[in-house]
Amino acid sequence: MLQPLLPVLLEQRIVLASGSPRRQEILKRIGLKFEVVPSNFEENLKKTSFAGPHEYAKATARGKALDVADRLYRQVQKPDLIIGADTVVSLGTDIIEKPADKEDAFRILKRLNATTHEVVTGVVLVVPSITGTKGYDTVEFHESTEVCFGDLTDEMLRAYVATGEPMDKAGGYGIQAIGASLVQGIHGDYFNVEGFPVYHFCKKLEQVYRERQESSAPETNKDS
């Protein structure tokens, strides 16, 4: 879907406001060239202050993206696009992020075992402002995917925790690696479970660039 836009995007300065190896790999797969500038935003927002996991994920993604934007927009060569994202797992009304330690990872996986949970990614795009006095504009969206865990024994779960894979992942598992063996099925965007909703991102980016192109195009004189 990005193919018509790629010639333009490849000439621009694109920044990923995340150190996530998974997000970097996904964006490389679709042909984007970008630099990585990890955000210094402290991910400690109060979960109960938000209407749902999608609002929480978007708020965290916004914090990451704007932290990087506030630094880079002071430079002479400002970015043409900054991408911020945050992925969480939700079970019912509870938001589950990365485990604190191995016992926490086991506890999380035990909760997800034989249930269907939701993986939610909030994404915020920062682009130079074409109206007003503000230096940049933001575009926000989120994507949700349902994931069904199989019915696994405690021995299986502890063996998975022992691999070390759960420790840096929301929900305590990685679907792109050994954690795939825990998943019975999904409904929705697979890449969203990895950490970045490719289809929704491409669709939104195409829309943003098209609208900006249309708004900057000179008006034709109907009387001429």
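Buried residues are those with under 20% relative accessible area. The legends below use this term for a predicted model.

**Figure 1. Helix H2 and the elements that cover it.**
In helix H2 (21–29), the buried residues are Arg22, Arg23, Gln24, Ile26 and Leu27. The cover over these buried residues includes strand S1 (14–16), strand S2 (35–36) and helix H3 (53–72). Strand S3, helix H6 and helix H7 also belong to the cover of H2. Just after H2, Gly31 adopts a positive phi of about 95°.

**Figure 2. Val36 in strand S2.**
Val36 lies in strand S2. Is Val36 buried or partly exposed? Its relative accessible area is 33%, so Val36 counts as partly exposed. Apart from residues up to four places away in sequence, Val36 touches Leu16, Ser18, Gly19 and Gln24. One of these contacts, Gln24, is 12 residues from Val36 along the chain, and the two C-alpha atoms are separated by 8.2 Å. Gln24 is also one of the buried residues of H2.

**Figure 3. Phe106 in helix H4.**
Phe106 is located in helix H4, which comprises residues 102–112. With a relative accessible area of 10%, Phe106 is buried, because this value is under 20%. Which residues does Phe106 contact, leaving aside its neighbours within four places in sequence? They are Asp154, Leu157, Arg158 and Val161. Leu157 is 51 residues away from Phe106 along the chain, yet their C-alpha atoms are separated by 6.6 Å.

**Figure 4. Helix H7, its length and its buried residues.**
Helix H7 runs over residues 198–216 and contains 19 residues. At 1.5 Å a residue it should span 27 Å, and its end C-alpha atoms are 27 Å apart, so the expected and modelled spans agree. The buried residues of H7 are Val198, Phe201, Cys202, Lys204, Leu205, Val208 and Tyr209. An α-helix has 3.6 residues a turn, so residues three or four places apart point the same way. The elements covering the buried residues of H7 include helix H1 (6–9), helix H2 (21–29) and helix H6 (190–194). Strands also contribute to this cover, among them S3 (81–91), S5 (116–128) and S6 (136–149).

**Figure 5. Two cysteines, Cys148 and Cys202.**
Cys202 has a relative accessible area of 6% and is therefore buried. This cysteine is among the buried residues of helix H7. Cys148 has a relative accessibility of 23%, which means that Cys148 counts as partly exposed. How many disulfides does the structure hold? The number is zero.

**Figure 6. The whole chain, as a setting for the close-up views.**
The secondary structure consists of seven helices and seven strands. Along the sequence, these elements follow the pattern α-β-α-β-α-β-β-α-β-β-α-β-α-α. The C-alpha trace spans about 75 × 30 × 30 Å along its principal axes. Of the 224 residues in the chain, 47% are buried. Among contacts between residues at least 6 apart in sequence, 69% join residues at least 24 apart. The chain exposes about 11500 Å², and carbon and sulfur atoms supply 50% of this area. The chain carries 27 positive and 32 negative charges, and the mean positions of the two groups are 3 Å apart.

Key
Residues are numbered from 1 along each chain as its sequence is written. This is a predicted model: local features need pLDDT of at least 70, side-chain atom pairs count only at pLDDT 80 or more; totals for chains, interfaces and linings use all residues. Side-chain values use heavy atoms; hydrogens and water are left out. A disulfide is a pair of cysteine sulfur atoms within 2.5 Å. Buried means under 20% relative accessible area, exposed over 50%, partly exposed in between (1.4 Å probe, protein chains only). Helices (H or I, at least four residues) and strands (E, at least two) are DSSP runs, numbered from the N terminus. The expected span of a helix is 1.5 Å times one less than its number of residues. Contact means heavy atoms within 4.5 Å. Accessible areas come from the Shrake-Rupley method with a 1.4 Å probe; for residues, only the protein chains shown count as cover. Lys and Arg count as positive and Asp and Glu as negative; His and the chain ends are not counted. The place of a charge is taken as NZ of Lys, CZ of Arg, CG of Asp or CD of Glu.
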